[in-house]
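Please look at the sequence and the structure shown here before reading on. The paragraphs that follow concern salt bridges and the residues that form them.

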Amino acid sequence: MSTTQFRDLGFDFSRTASRSERIARLDALAILLDTAFFVPGTNIRFGLDALIGLVPGIGDAITTLMSLYIVREARELGAPRHLVARMMWNVALDGIVGACLCWATRST
């Protein structure tokens, strides 16, 4: 697939995205991961994170990598160090708990 075809799909790797484009991309990713879907007839919302997390081990690894991407972008966009540290703590805790639960269910 040529660069022109990637550009037609919205993937133009030849230019740097503007700040507002990066923030819009992060916002869309956060919505997809957290609240993209809903249970009909209720106010219960869930995202791709919950669905991917159902796959033991690999699901937790994928969602941890996606979360690390969000943290990296936040750092590059100028988020304060203390906020990035809190984000990293949350990602690490989520990844560790997911890995421990996966390990615990495999050993029984």
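A residue is called buried when its relative accessible area is under 20%, exposed when the value is over 50%, and partly exposed in between. Glu76, at 42% relative accessibility, therefore counts as partly exposed. The model to which these terms are applied here is a predicted one.

A search of the whole structure yields 4 salt bridges. One of them pairs Arg22 with Glu73, with the closest N and O atoms 2.9 Å apart. This pair links distant parts of the chain: Arg22 belongs to helix H2 (residues 19-34) and Glu73 to helix H4 (residues 58-76), 51 residues apart. Both Arg22 and Glu73 are buried.

Arg22 also forms a salt bridge with Glu76, and here the closest N and O atoms are 2.8 Å apart. Because Arg22 lies in helix H2 and Glu76 in helix H4, this pair ties together parts that are 54 residues apart in sequence. The relative accessible area of Arg22 is 14%, so this residue falls under the 20% limit and is buried.

What does the side chain of Glu73 meet in a salt bridge at 3.2 Å, N to O? The partner is the side chain of Arg72. Glu73 has a relative accessible area of 4% and is therefore buried, whereas Arg72, at 36%, is partly exposed. Through salt bridges that share partners, Arg22, Arg72, Glu73 and Glu76 are joined into one network.

Conventions
Residues numbered from 1 in each chain as written. Predicted model: local features only at pLDDT ≥ 70, side-chain atom pairs only at ≥ 80, totals over all residues. Heavy atoms only, no water. Helix = DSSP H or I, 4+ residues; strand = E, 2+ residues; numbered from the N terminus. Buried < 20%, exposed > 50% of the residue type's maximum accessible area, 1.4 Å probe, protein only.
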